[in-house]
Amino acid sequence: AKRMDTAEEPEVRVKRRKSGHEQSLEESLKMAHFYEARNKLEKAIEIYDKIIESDPGNWEALSHKGLCCHQLGKPIEAILLIEKALEFNPEDPISLNALGSL
């Protein structure tokens with residue numbers, strides 16, 4: 001019997017290279033999360049806004065911007081953003097949980 005070795009199929013283990021646009025969006029999300037985690041919510045929102053402007057369907061940026069708005073006492077904006085995020089990713093547990101707590 002021939003031994004199945006993962007080295008025979010390297011394409012399975014190689015991740016698809018991200019385009020520059022995808023990479024910069026990913027880096028922007030990380031930076032926004034960094035500010036959000038440190039309660040610098042206005043700065044986080046600025047970055048989330050840039051991501052959403054570039055990628056209007058970015059459910060993660062929409063959801064996290066909604067969470068920031070909620071913490072800043074803007075519940076209506078928070079709900080609208082989180083509902084929009086759920087349109088793009090209906091199974092996102094963070095958005096579902098946030099919406100349930102608003």
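M31 lies in helix α2, and this residue is a handy place to start a tour of what is a predicted model. With a relative accessible area of 40%, M31 counts as partly exposed, because that class runs between the under-20% cut-off for buried and the over-50% cut-off for exposed. Its C-alpha sits 7.8 Å from that of I47, although the two are 16 residues apart in sequence.

**The overall fold**

- The protein chain has 6 helices and 0 strands, so reading along the sequence gives you α-α-α-α-α-α.
- Of the 102 residues in the protein chain, 29% are buried.
- Take the contacts in the protein chain with a separation of 6 or more: 37% of them link residues 24 or more positions apart.

**The nonpolar core**

- The largest nonpolar core holds 17 residues.
- Which of them touch the most other members? That group is L29, Y48, I51, A61, L62, C68 and C69.
- Helices α2 (20-37), α3 (41-54), α4 and α5 (75-88) are the elements that give two or more residues to this core.
- Helix α3 supplies the largest share, with 7 residues.
- L29 is one of those well-connected core members. Skip its neighbours within four places in sequence, and L29 is in contact with Y48, I51, N58, E60 and A61.
- Three of those partners, Y48, I51 and A61, also appear in the list of residues that touch the most other core members.

**K65, a lysine in α4**

- K65 is found in helix α4.
- Is K65 buried or exposed? Its relative accessibility is 11%, so K65 counts as buried, the limit being under 20%.
- Leaving out its neighbours within four places in sequence, K65 is in contact with I45, Y48, D49, I52, E77 and L81.
- Y48 is therefore a partner of both K65 and L29.

**How α4 and α6 pack**

- Helix α4 covers residues 59-71 and helix α6 covers residues 93-101; they pack at an angle of about 30 degrees, with their axes 10 Å apart.
- Angles under 35 degrees count as roughly parallel, so that is the label for α4 and α6.
- As for handedness, α4 passes α6 in a left-handed crossing.
- Which residues meet here? On the α4 side they are S63, H64 and L67, and on the α6 side I94, S95 and A98.
- Sorted by class, this contact has 3 nonpolar, 3 polar and no charged residues.

**G100, further along α6**

- G100 has its place in helix α6.
- G100 is exposed, with a relative accessible area of 65%, because the exposed class begins over 50%.
- The C-alpha atoms of G100 and I79 are separated by 9.9 Å, and the two residues are 21 residues apart along the chain.

**N39, in a loop**

- Where does N39 lie? You'll find N39 in the loop between α2 and α3.
- Phi of N39 is near 60 degrees, a positive value in a residue other than glycine.
- That is worth a look, because most residues other than glycine have a negative phi.
- N39 is also exposed, with a relative accessible area of 54%.

Definitions and conventions:
Residues are numbered from 1 along each chain as its sequence is written. This is a predicted model: local features need pLDDT of at least 70, side-chain atom pairs count only at pLDDT 80 or more; totals for chains, interfaces and linings use all residues. Side-chain values use heavy atoms; hydrogens and water are left out. Axes are lines fitted to C-alpha atoms, for helices over the stretch in contact, and angles run from 0 to 180 degrees between N-to-C directions. Helices (H or I, at least four residues) and strands (E, at least two) are DSSP runs, numbered from the N terminus. Angles under 35 degrees count as roughly parallel, over 145 as roughly antiparallel, 65 to 115 as roughly perpendicular and the rest as oblique. A crossing is left-handed if the near helix is turned anticlockwise from the far one by less than a right angle, and right-handed if clockwise. Contact means heavy atoms within 4.5 Å. Ala, Val, Leu, Ile, Met, Phe, Trp, Tyr, Cys and Pro count as nonpolar, Asp, Glu, Lys and Arg as charged, and the others, Gly among them, as polar. A nonpolar core is a set of buried Ala, Val, Leu, Ile, Met, Phe, Trp, Tyr and Cys residues joined through side-chain atoms within 4.5 Å. Buried means under 20% relative accessible area, exposed over 50%, partly exposed in between (1.4 Å probe, protein chains only).
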